[in-house]
Amino acid sequence: MSKIIELKKVNKWFDKFQVLKDIDLEVAPQEKIVICGPSGSGKSTLIRCINRLEEHQEGNIIVDGTELAENTKNIEKIRAEVGMVFQQFNLFPHLSILDNCTLAPIWVKKLPKKEAEEVAMKNLTRVQIDDQALKFPGQLSGGQQQRAAIARALCMEPKIMLFDEPTSALDPEMIKEVLDVMVDLAKGGMTMIVVTHEMGFAKEVADYMIFMDEGKIVERAKTKEFFENPKSERTKLFLSQIL
Amino acid sequence: MILTNLKPTKEKINTFLPLGSIFVIFAFLDVLTNTFLNQNITGFLPQTLSYIAPLLLGYIGFYLIRIEFSGIKFLDKLNKNINSSNFNAFLTLLILFIIIKAISPLMNWLILEANFAGSSKDDCTGNGACWVFIKVWFNRLMYGLYPDVEQWRVNSAFILLFALVGIAFFVPQKIKKYFIIFLLFVYPFIGIKLLSGGSFGLVYVETAAWGGLSLTFIISAFAILFCFPIGVLLALGRRSSLPAIRYISIGFIELWRGVPLITVLFMAAVMFPMFLPDGTFIDKLIRVLIAITLFEAAYMAEVVRGGLQALPKGQYEAAKSLGMGYWRMNVLIILPQALKLVIPGIANTLLALVKDTPLIFVVGLMELAGMIGLAKTNPKWLGMAMEGYVFAGLVFWIICYAMSRYSQNLEKKLSTER
C-alpha cells in the first residue's frame, strides 16, 4: 500500500535542544493515527513539521509524493492539501464564519465565490453550525468555534487532517460535540493524525497509537494492543496515569 | 444642642435642602452680577471677604446639600459626581467661577466688541477682535497667491474631489472598487493638471503661487495617500525574514524618524537640487511632498508594526496552514486585523501630519498659517497676529476634529467584537 506521509530519520532542534530524534513514521491513506505522550515530548512539533509550520533540520518528510524542502511553492501546495486544526481554534476574528470558510478556497484554490459558499455551507452543515454562518467568531462558544475551524479546514478538501490538541482549550461540556465531529470525519475515510489526551476517542477511531517521550517515538502499535498490552515500561506508566 | 440640630434626619428634609440651595444660588448670583453687570452685591463686606464670599457661601451650600437625604435622583447624581467631598465641592465651585469669569472677556473679544464690517484696519474701532482682517484677506488665506481669475480651477478640483468621494459612499459595492481606484490613481493627475495648467487651454500657474488653505489640503491629501501604503510596506519589511529587506527598512525608518521635519524640508528644497545633474528640474512642491510623505511613512511604519506585533502567532499559522503565501496571508488576514487595531495610532499620525504642514514656510511655500504670517506683516495690517492665528487655529481644529471623529466612527464600524 502506498504511503501518503513518510518521515525518514527526522531530527529537529530548537537552538541546542533536540525536540525530535530520528523520527520514522509512515501513514497510509485513510489511516487514523493518534499521538499521545507527556507534554514537551515533541508531539505537537512533529505534526507541525508535516505542514512545515516548523522546519526540520535533518531527514526527509514526504507528503503525498512531494518532498518538504526549502521550495516555497511545494510548501504552499502541501499546506493546501493538509488541513490543520489548532488548540486555540485560530479563526479569523475579522471575518464571519462563512467568510472564514470561503477565504482560502477563493484565494488559494481559485474557486468561484458561489461555489466556495456552497462548499462552505455543506461543511458547516456537516459540523452542525450552518445556522451560525453569518456570525463572527467572537459570538460563538468555544465548541462552536472549534467546529467552525474544522469546517474551515475541510473547505480546502484536504487529503490529510492534522489535529493539534483540538479539545484541550475547551470547557468539559463542549469536548464531546467536537469529538463527535471528528469521529464522523474519521468514519468518512479521512486520513487523520491527532494529538490528543482523549483516550476514549483514540480507542474508538485510531488504527494506530503512537507514544512519544523526549522527542522519540517510544511505541507504535495497533490501538487494541497499545491499550491492552503495551510493551515499554514508559508507556505503561503513562497509561496508568491518564486512564 | 446646636450640633444635634445641624445633623439632618428624615424629618428635617425641608430645612437643609432649601437652605443649601439658597446659599449656592446666592453665591452664583454674586459671581454673575459681578461679571456681567459690574455690580458687587457683597460690596458692603471688607474687600478680602467680599472677594471670597461666593466661594465661602457656595461651599456652605454644597455642604448642606451633601449631608441631606433628599431621595431626589438628580441630587444624588450631582452629589456623586461633583460634590462627593469637601475638596471636590471646593474644586467644583472654583472651576465654575473661573469659567464664568473667563467667558465674559472671551465673548467680548470674539463677538460683542469685535468688528465685522469695513474694509481696512481703520474700520476696527472696538476693543475686540478685528475680523475685517480675515474678511479682507479671506481670498488669499484660501488660495494663496493663485491668480484671482483662475481660482475657479482650484474650486472645481476640490468640488470634483468631494463629489467623487460623496458618490463613492452611495454607489453599490461592485462599482465602488472602480471609484476608489479612480480616486487613488487617476484623480491626482487630473487634479494636478487642473491646478498647474499649461495645457488644455489652461494658463500655467507655477506652484510657488499655490497657497492658503487649498495648499494645506493638497499637501495633506497627497501625503496621507502615499505615506500610508509606504508605511505599511516598511512595517512588513521590518518584520521580514529576509535580512536585506529587514535592514533596509530599519535603516530607512530610523533615518527619517531621527531627523526633524524642518531639516528634511530644508534639505529637500535647498540641498537636493545640488545633487541633481545639470538641466534636470523637479518642482519644489513635489520635492517637499515627497519629503513629507517619506517622513510620515516612517512614523506610520512604526504604528502599523505595533499592530502586526499585537496579533497572536496563531493567526499567521492558521493562514499558512490553509496554503496562503506571504502576500495573501498579509493582505487577507494579518493587515485587516492589525490596521483595525491601530486606527487610533494611524489617526494620531495623520493628524500630526496635517498640523505639520505649516512647516513648509521654511522653503517659502505658504499654506494657511504661512499666509497669515504674510498678511500680518503687511504694513496696512500690522498687529493682526492674534486674529489671524485664532482663525488658523479654529480652521485646523475643525479639520482635525473631523478626522478624529471619522476615525472613531471607522473603529466602531469595523468592530466585530461581541
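**Helix packing and sheets in a predicted two-chain model**

In chain B of this predicted model, helix α9 (residues 212-238) packs against helix α17 (residues 385-414) at an angle of about 30 degrees, and their axes lie 12 Å apart. Helices (H or I, at least four residues) and strands (E, at least two) are DSSP runs, numbered from the N terminus. Axes are lines fitted to C-alpha atoms, for helices over the stretch in contact, and angles run from 0 to 180 degrees between N-to-C directions. α9(B) and α17(B) are therefore roughly parallel to each other; angles under 35 degrees count as roughly parallel, over 145 as roughly antiparallel, 65 to 115 as roughly perpendicular and the rest as oblique. The crossing of α9(B) and α17(B) is right-handed. A crossing gets that name if the near helix is turned clockwise from the far one by less than a right angle, and is left-handed if anticlockwise. Contact, meaning heavy atoms within 4.5 Å, brings B:L213, B:T216, B:F217 and B:I224 of α9(B) together with B:V395, B:F396, B:I399 and B:M403 of α17(B). By class, this contact of α9(B) with α17(B) has 7 nonpolar, 1 polar and no charged residues. Here Ala, Val, Leu, Ile, Met, Phe, Trp, Tyr, Cys and Pro count as nonpolar, Asp, Glu, Lys and Arg as charged, and the others, Gly among them, as polar.

As for the conventions, residues are numbered from 1 along each chain as its sequence is written, while chains are lettered from A and ligands numbered from 1 in the order in which they are written. Local features need pLDDT of at least 70, side-chain atom pairs count only at pLDDT 80 or more, and totals for chains, interfaces and linings use all residues, with side-chain values based on heavy atoms and with hydrogens and water left out.

A second helix pair in chain B joins α10 (residues 243-257) to α12, packed at an angle of about 115 degrees with axes 9 Å apart. That makes α10(B) roughly perpendicular to α12(B), and the crossing of α10(B) and α12(B) is left-handed. On the α10(B) side the contact uses B:F252, B:I253, B:W256 and B:R257, and on the α12(B) side its residues include B:L294, B:F295 and B:Y299. The residues of this contact of α10(B) with α12(B) divide into 9 nonpolar, no polar and 2 charged.

Aromatic rings can be followed in α12(B) as well. Rings of Phe, Tyr and Trp (its six-membered ring) pair if their centres lie within 6.5 Å; planes under 30 degrees apart count as stacked, over 60 as edge-to-face and the rest as tilted. By this rule there are 12 aromatic pairs over all chains. The rings of B:F295 and B:Y299 have centres 5.3 Å apart and planes at 50 degrees, so this pair is tilted. B:F295 and B:Y299 are 4 residues apart in helix α12 (residues 284-310) of chain B, and are thus separated by about one helical turn.

A third pair is formed by α3 (residues 47-66) and α5 (residues 86-112) of chain B, whose axes come within 10 Å and cross at roughly 135 degrees. That makes α3(B) oblique to α5(B). The crossing of α3(B) and α5(B) is right-handed. Among the residues in contact are B:Y59 and B:F62 of α3(B) and B:F90 and B:F97 of α5(B). By class, the contact of α3(B) with α5(B) counts 10 nonpolar, 3 polar and 1 charged.

Turning to chain A, an open sheet of 6 strands follows the order β6-β7-β8-β3-β9-β10, with mixed pairing. Two strands pair if DSSP finds at least two bridges between them. At the edges stand β6 (82-85) and β10 (216-222) of chain A, each pairing on one side only, and the twist averages 15 degrees from one strand to the next. Strand β9 (residues 208-213) of chain A runs antiparallel to β10(A), joined by 6 bridges, and A:M212 stands opposite A:I217 in β10(A). Helix α1 (residues 43-50) of chain A lies across β3, β6, β7, β8 and β9 of chain A, at about 150 degrees to β7(A).

An open sheet of 4 strands, also in chain A, has the order β2-β1-β4-β5 with antiparallel pairing. β1 (residues 5-14) of chain A pairs with β2(A) over 7 bridges, where A:W13 stands opposite A:Q18. α1(A) also lies across β1, β2 and β4 of chain A, running at about 120 degrees to β1(A).
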